[in-house]
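Visitor: I'm new to this structure and would like a close look at a single part. Could you pick a helix or two in one chain and walk me through what surrounds them?

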Amino acid sequence: MKIIHGITELHLCVNGEDRCVAVRPGETLLRVLREKLGLTGAKCGCENGDCGACTVQLDGIPVKSCLVLAVECDGSAITTIEGLRHHPVQEAFAAANGYQCGFCTPGQILNAAALIQAHPESDEAVDREWMQSNLCRCTGYEGIRDALAVARAGGDGTTDARARTTSDSL
Amino acid sequence: MICADIHYVRPDTAEEAVEAWRRLPGARYLAGGTEILSSARRTAAYELRACIDIKRIPETVRHEIREGRIHLGAALALSDVAEGEAFPLLNAVLRGIADRTVRNRLTLGGNVAGLLPYREAVLPLLLADATVLTLAPGAEDAPPVRRERRLRDVFDKRLVLAPGELLLSFSVPMEATEWPWSHQRRTRTSVVDYPLATTALVRDGEAIRFAVTGVHPYPFRSDAIDAALTEGVQTGAPLTLGGVESILEALGALRADSRGSAEYRAALVKKMILTSLEELA
């Protein structure tokens, strides 16, 4: 049994890089990423699990980092938008104008990347189910839907490339 | 973000978790954390002093079929449970709760035992006569007590457990997962919203079982409603739902809020029942 009280050392693999950070048990993953690791791509929106702007991948699963204690993630792999540089989904959002102000975009891309990894073939119902997790107040969602189609079409034109895992791309 | 200087405990066994609860005043069991974290940030309702993370206790993450029953750990994420093929009604209900990335964290036990009034995940479990496995602290220095009881015996508007009693898992007879079923969920606006009403209805031979949430400040299954619906089906008489409405009202004041009035909810539930019965006819 592990008991943590006060400041403790936390080991994470963030965007493929081993990181060690001092945290208190009450700190959320979102706060630790932004304020202690300087990764400000995950946005602090509602801090209530509603908006999805703070979405990151925890061991490959998209989660809202405002609802995760950092200490729960000891030894886990975290992927933030900074780790998806030039990822096909990121390129697709740019190509399809799947953003306007950009505040929600990191969360949208992290969720979309996990969606396409899990479901390489398009399925409107599944896409809708997954992407309803992220709110956007600018685009009307059409550009985001287009971005999914562009990403599935493949940056290099192959299905394998579209379906490659986030971790593979790091 | 929890501003208080809390303890975080990660036990490897259920016994360690219960012992930690005894030793740490103000401790709460933590699984998905979706309710604890949002509540701790928003209000002072939680006098949270310690989180006991139960996700690494093997019994809380079991997901298996054994001896004619499906066993579902309380710390399984809703999206993981919903991926299973063994209990289609449960899958359908779980897919209506919150949104996908929240369901990647929100757990089965957390939803059933949560503070929010809806607790939709309990509906299929009530209909299937699930049992619930818990571990309760023993008196003083006595060892903790493992208990398996019918869910309906410990769910009276909410899950009623002893202080410190740890919810480990649910168990459902496989035959109950094969009954014809109907699930309906109505919200005011978008799909991702709290429900005006969520209903689940199964047909076990000639017997109808029905459970609902959203209409009252708690979910329930009523023997009186089951009997009224079953009688209507068995006699083949045109179904009048005046009796059902009376029973709904007798169970307590219907919810009325910005999403819908009490009258609207009552009418909605009657319509949902009729639709479900037509689906299963």
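Guide: Happy to. Let's start just past a helix in chain A: α1(A) is followed by A:Gly38, and the phi of A:Gly38 is positive, near 70°. Keep in mind that this is a predicted model.

Step back into the helix itself. α1(A) runs over residues 29-36, and its buried residues are A:Leu29, A:Leu30, A:Val32 and A:Leu33. What lies over them? The cover includes four strands of chain A, namely β2 (8-14), β3 (17-23), β4 (55-58) and β6 (77-79).

Now move along chain A to the next helix, α2(A), residues 88-95. Two other helices of the chain meet it, so let's take them in turn.

Start with α3(A), residues 105-118: its axis and that of α2(A) come within 9 Å and cross at roughly 125°. An angle between 115 and 145 degrees counts as oblique, and α2(A) and α3(A) are therefore oblique to each other. Their crossing is right-handed. On the α2(A) side, the contact is made by A:Val89, A:Gln90 and A:Phe93, while α3(A) brings A:Thr105, A:Gln108, A:Ile109, A:Ala112, A:Ala113 and A:Ile116. Sort those residues by class and you get six nonpolar, three polar and no charged ones.

The other partner is α5(A), which spans residues 142-153. Here the axes come within 8 Å and cross at roughly 130°, and that makes α2(A) oblique to α5(A) as well. This crossing, too, is right-handed. From α2(A), the residues in the contact are A:Pro88, A:Val89, A:Ala92, A:Phe93 and A:Ala95; from α5(A), they are A:Ile144, A:Ala147, A:Val150 and A:Ala151. By class, this contact has nine nonpolar residues, with no polar and no charged ones.

If you look back over both contacts, you'll spot some repeated names. A:Val89 and A:Phe93 take part in the contact with α3(A), and A:Val89 and A:Phe93 also take part in the contact with α5(A).

One last glance, this time over at chain B. The largest nonpolar core has 40 residues, and among those touching the most other members are B:Leu94, B:Val112 and B:Phe170. Several elements of chain B give two or more residues to this core, including β5 (69-73), α6 (108-112) and β10 (166-173). The most comes from α7(B), with five residues. As for B:Phe170, its contacts farther than four places away in sequence include B:Ile70, B:Leu72, B:Leu108, B:Val112, B:Leu125 and B:Leu151. There is also a second, separate core of 33 residues, which includes A:Leu12, A:Val23, A:Ala70 and B:Leu37.

Key
Residues numbered from 1 in each chain as written. Chains lettered and ligands numbered in written order. Predicted model: local features only at pLDDT ≥ 70, side-chain atom pairs only at ≥ 80, totals over all residues. Heavy atoms only, no water. Axes fitted to C-alpha atoms, helices over the stretch in contact; angles between N-to-C directions. Parallel < 35°, antiparallel > 145°, perpendicular 65-115°, else oblique. Left-handed = near helix turned anticlockwise from the far one by under 90°. Contact = heavy atoms within 4.5 Å. Nonpolar A, V, L, I, M, F, W, Y, C, P; charged D, E, K, R; others polar. Core = buried A, V, L, I, M, F, W, Y, C linked by side-chain atoms within 4.5 Å. Buried < 20%, exposed > 50% of the residue type's maximum accessible area, 1.4 Å probe, protein only.
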